[in-house]
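Me: I've got a structure open and I'd like to learn how to read it piece by piece. Can you walk me through it?

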Amino acid sequence: MSTLLFRSTNGQSPAVTLREALLEGQAPDRGLYFPEKFPKLTCDEIAAFAQLPYHEIAFRVLAKYTDGIIPNDALATMCREAYNFSIPLEKIYDRVHLMRLDQGPTASFKDFAAQMMARMFGRFLREDGKQLTILTATSGDTGAAVAHAFHKIPGVQVIVLFPIAEVSESQRKLMTVLKDNVRTVAIDGKFDDCQAMVKRAFADPDLAHIALSSANSINIGRLLPQSVYYFYAASRLAKDGEPIVFSVPSGNFGDMMGAIVAREMGLPVKKIIASVNDNDAFPKFLATGSYQKICPSRNSLSNAMNVGHPSNLARLVAVYGGQMDETGKISRQPDLAAMRRDLFSTSVSDARTVAGVRDFWNKFQLLLEPHGAVAWQGFLDWNAVEPLGDAPAVIVETANPAKFPEEVEKVVGWPPDVPENMLAALKLPEDFDRMDADYAKFKNYLLARH
Ligand SMILES: *Cc1c(COP(=O)(O)O)cnc(C)c1O
């Protein structure tokens, strides 16, 4: 088997291996790396997952991408170490389940990718004897997951930018209590400002001497590990070869692209529901075929999804034969009919998000936080136009309710339990820098640190 190559969605950069795609983050032509061709799992390989623990499924999926790059025994160890927490699949009713991706070290699904990426980065940098700075913009959960995963990894410095007024207190604490090789910077601005500053830094020739990389969902290293939990859910809930429905709360669409990757690798999928908040650029695009990014992005209760222009749409459009550049300009339309057949997308208001948390608790005695509530309402919207029948379905819960204690308490009347791992972090002293949303200042900050 020859080494798998990754191409840029903008089509102007040379194809690279997983190693280069991961370390570079974004392609030189500003496109996003994507596999030239998806490796396939056979029906038998997928059927075997039913008997395997999560880390072993992760190994078998990721090994399809790391051939010739990471030896199998090393990859198996990385998977075992990264995925040592549970992935509860809680029954809602009949064959509909809630998949809780909130049991990792920072209690959001971002841990799944960050834990694996940190191990891959650590390994590649050790092999090359190189140093690297990970620059990442976060609307809350990425920063914490990345900071924890890369904490004390030799050769890596981490700089996290977050919008000061748009993250919850516990989200902030989870990323600002680490020290050593991790720095957090609170920006007086919106998430989009943070993301724009990071993007400019990557493109800035004055910073070319600094080896920068990103751990945002523009990095393909985020997407591949995020395909594994879709295989896992199907292995536990679907009969052999039976198509399954996923409702995914979506912001930059990295999580949802994990489901697409799983499907492209051979997982039978009935529908992927991309549930968004008031930032409804994608459902409008799916309905009309015309793409208008939302600028500035709209604030919603599900703050990790306040994204006006989801970066992964370029990859989604590519899967359907189209081309979209980093600004959202479409030079070739994707096959919209096929997209509408495979996908459903809906926008859920804050009022319906709150109602989702409340109704879900009252009906099923299961506690959601705002992002999971968006996924739930999105599922109901889909189910109102297309019957589920006897098919299995999974609502993806992406964070622990304890990350949004105020919002949850307002709805159900009591504060959610705080998991052990979070309690420890919440007690440590915070330490972060503060800055205007001013690129010149940020640039000087970076130059002073290298
Ligand atoms: C990041 C995040 C999302 C959105 O994920 P994308 O991959 O950006 O679509 C949803 N929920 C939570 C809790 C998150 O942290």
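Reply: Sure. Keep in mind that this is a predicted model. Let's start with helix H11 (residues 254-264), which is mostly covered: 11 of its 11 residues are buried.

Me: What does "buried" mean here, and which residues of H11 are buried?

Reply: Buried means under 20% relative accessible area. In H11 the list is Gly254, Asp255, Met256, Met257, Gly258, Ala259, Ile260, Val261, Ala262, Arg263 and Glu264. After the helix comes Gly266, with a positive phi near 125 degrees.

Me: And the ligand? Which residues come nearest?

Reply: There are 15 residues around the ligand, and the nearest are Lys110, Asp141, Gly251, Asn252 and Thr398. For polar contacts, look for N or O pairs within 3.5 Å. An N or O atom in the side chain of Lys110 sits 2.6 Å from a ligand oxygen. Two residues of H11 turn up here as well: a polar backbone atom of Gly254 is 3.0 Å from an oxygen atom of the ligand, and for Asp255 a backbone N or O atom is 2.8 Å from a ligand oxygen.

Me: How much of the ligand does the protein bury?

Reply: Taken alone, the ligand exposes 380 Å², and the protein buries 98% of that.

Me: Now the sheets. In what order do the six strands of the open sheet come?

Reply: The general idea is that strands of a sheet pair through backbone hydrogen bonds, either parallel or antiparallel. In this sheet the order is S3-S4-S14-S9-S10-S13, and the pairing is mixed. Strand S3 (89-93) and S13 are the edge strands, each pairing on one side only. On average, neighbouring strands are turned by 25 degrees against each other, direction ignored.

Me: How many bridges hold S9 and S10 together?

Reply: Six, and strand S9 (residues 244-249) pairs with S10 in the parallel sense. One place to click is Phe246, whose bridge partner in S10 is Ile272. Then step to the other neighbour: strand S10 (residues 269-276) is joined to S13 by five bridges, again in parallel. There Ile272 stands opposite Leu343 of S13.

Me: S13 is an edge strand. Is it enclosed or open to the outside?

Reply: Four of the five residues of S13 (residues 343-347) are buried, so the strand is largely enclosed by the rest of the structure. Helix H12 (residues 281-288) lies across S10 and S13, at about 130 degrees to S13.

Me: What is the strand order in the sheet of five?

Reply: That open sheet runs S8-S5-S6-S7-S15, with parallel pairing. Strand S8 (212-214) and strand S15 (433-436) are at the edges with a single partner strand each, so one side of each has no neighbour in the sheet. Neighbouring strands here are turned by 30 degrees against each other on average, direction ignored. Four bridges link strand S7 (residues 182-188) to S15, and Asp188 has Asp436 as its bridge partner in S15.

Me: Which strands does helix H8 lie across?

Reply: H8 (residues 191-203) lies across strand S5 (132-137), strand S6 (156-163), S7, S8 and S15, at about 150 degrees to S5.

Me: One last residue: where is Ile70, and is it buried or exposed?

Reply: Ile70 is in the loop between helix H3 (54-66) and helix H4 (72-82). Its relative accessible area is 3%, so Ile70 counts as buried. Leaving out residues up to four places away in sequence, Ile70 touches Leu75, Met78, Met120, Arg123 and Phe124. Ile70 and Met120 are 50 residues apart in sequence, with 8.6 Å between their C-alpha atoms.

How values were computed: Residues numbered from 1 in each chain as written. Predicted model: local features only at pLDDT ≥ 70, side-chain atom pairs only at ≥ 80, totals over all residues. Heavy atoms only, no water. Buried < 20%, exposed > 50% of the residue type's maximum accessible area, 1.4 Å probe, protein only. Contact = heavy atoms within 4.5 Å. Pairing = 2+ DSSP bridges. Near = heavy atom within 4 Å. Polar contact = N/O pair within 3.5 Å; in protein donor to acceptor, adjacent residues only side chain to side chain. Areas by Shrake-Rupley, 256 points an atom, 1.4 Å probe, with all protein chains shown as cover. Axes fitted to C-alpha atoms, helices over the stretch in contact; angles between N-to-C directions.
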